[in-house]
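Work through these short exercises with the structure in view. Try each task before you read its solution.

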Amino acid sequence: MEGKYKKEIKEWIYSLVIAAILAFTIKAFIFDIIQVSGISMVPTLHNNDRVIVEKISMLRKKSIEEKL
């Protein structure tokens, strides 16, 4: 019975670690959510609006610039 609980706890820890690694990777390299601060983009964006920014094209642009 005790071995069953240890196995389940290990599975939960493993799942949480994998989820944290995936979340970090997605946020670091694929997309990010940014909050607009200030009124510089009015009327399109307002103060405290949130914008999803994809980062893949920026990574591709850097790799193309490095080849030139």
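Buried means under 20% relative accessible area, exposed means over 50%, and partly exposed lies in between. The model is predicted.

**Exercise 1.** Classify D32: is D32 buried or exposed?

*Solution.*
Step 1. Find D32 in strand β1.
Step 2. Take its relative accessibility, 15%.
Step 3. The cut-off for buried is under 20%, so D32 counts as buried.
Step 4. Look at its side chain. D32 makes a polar contact with the side chain of K27, at 2.4 Å.
Step 5. List its contacts, leaving out residues up to four places away in sequence. D32 touches K27, V51, I52, V53 and K55.

**Exercise 2.** Place K55, then find which backbone oxygen its side chain reaches.

*Solution.*
Step 1. K55 sits in the loop between β2 (50-54) and α2 (56-67).
Step 2. K55 has a relative accessible area of 18%, so it is buried.
Step 3. The K55 side chain reaches the backbone oxygen of K27 at 3.1 Å.
Step 4. Set aside neighbours within four places in sequence. K55 then contacts K27, A28, F29, I30, F31 and D32.

**Exercise 3.** Which element gives the most to the nonpolar surface patch?

*Solution.*
Step 1. Name the members: Y14, I18, L22, I26, F29, I30, F31, I33, I52 and I56. Together they have about 940 Å² of accessible area.
Step 2. Find the elements that supply at least two residues each: α1 (2-30) and β1 (31-35).
Step 3. α1 gives the most, with 6 residues.
Step 4. Check one member. F29 lies in helix α1. Its relative accessibility is 43%, so F29 counts as partly exposed.

Terms used. Residues numbered from 1 in each chain as written. Predicted model: local features only at pLDDT ≥ 70, side-chain atom pairs only at ≥ 80, totals over all residues. Heavy atoms only, no water. Patch = residues over 30% accessible without salt bridge, like charges linked within 9 Å, V, L, I, M, F, W, Y side chains within 5 Å. Areas by Shrake-Rupley, 256 points an atom, 1.4 Å probe, with all protein chains shown as cover. Salt bridge = Lys/Arg side-chain N within 4 Å of Asp/Glu carboxyl O. Helix = DSSP H or I, 4+ residues; strand = E, 2+ residues; numbered from the N terminus. Buried < 20%, exposed > 50% of the residue type's maximum accessible area, 1.4 Å probe, protein only. Polar contact = N/O pair within 3.5 Å; in protein donor to acceptor, adjacent residues only side chain to side chain. Contact = heavy atoms within 4.5 Å.
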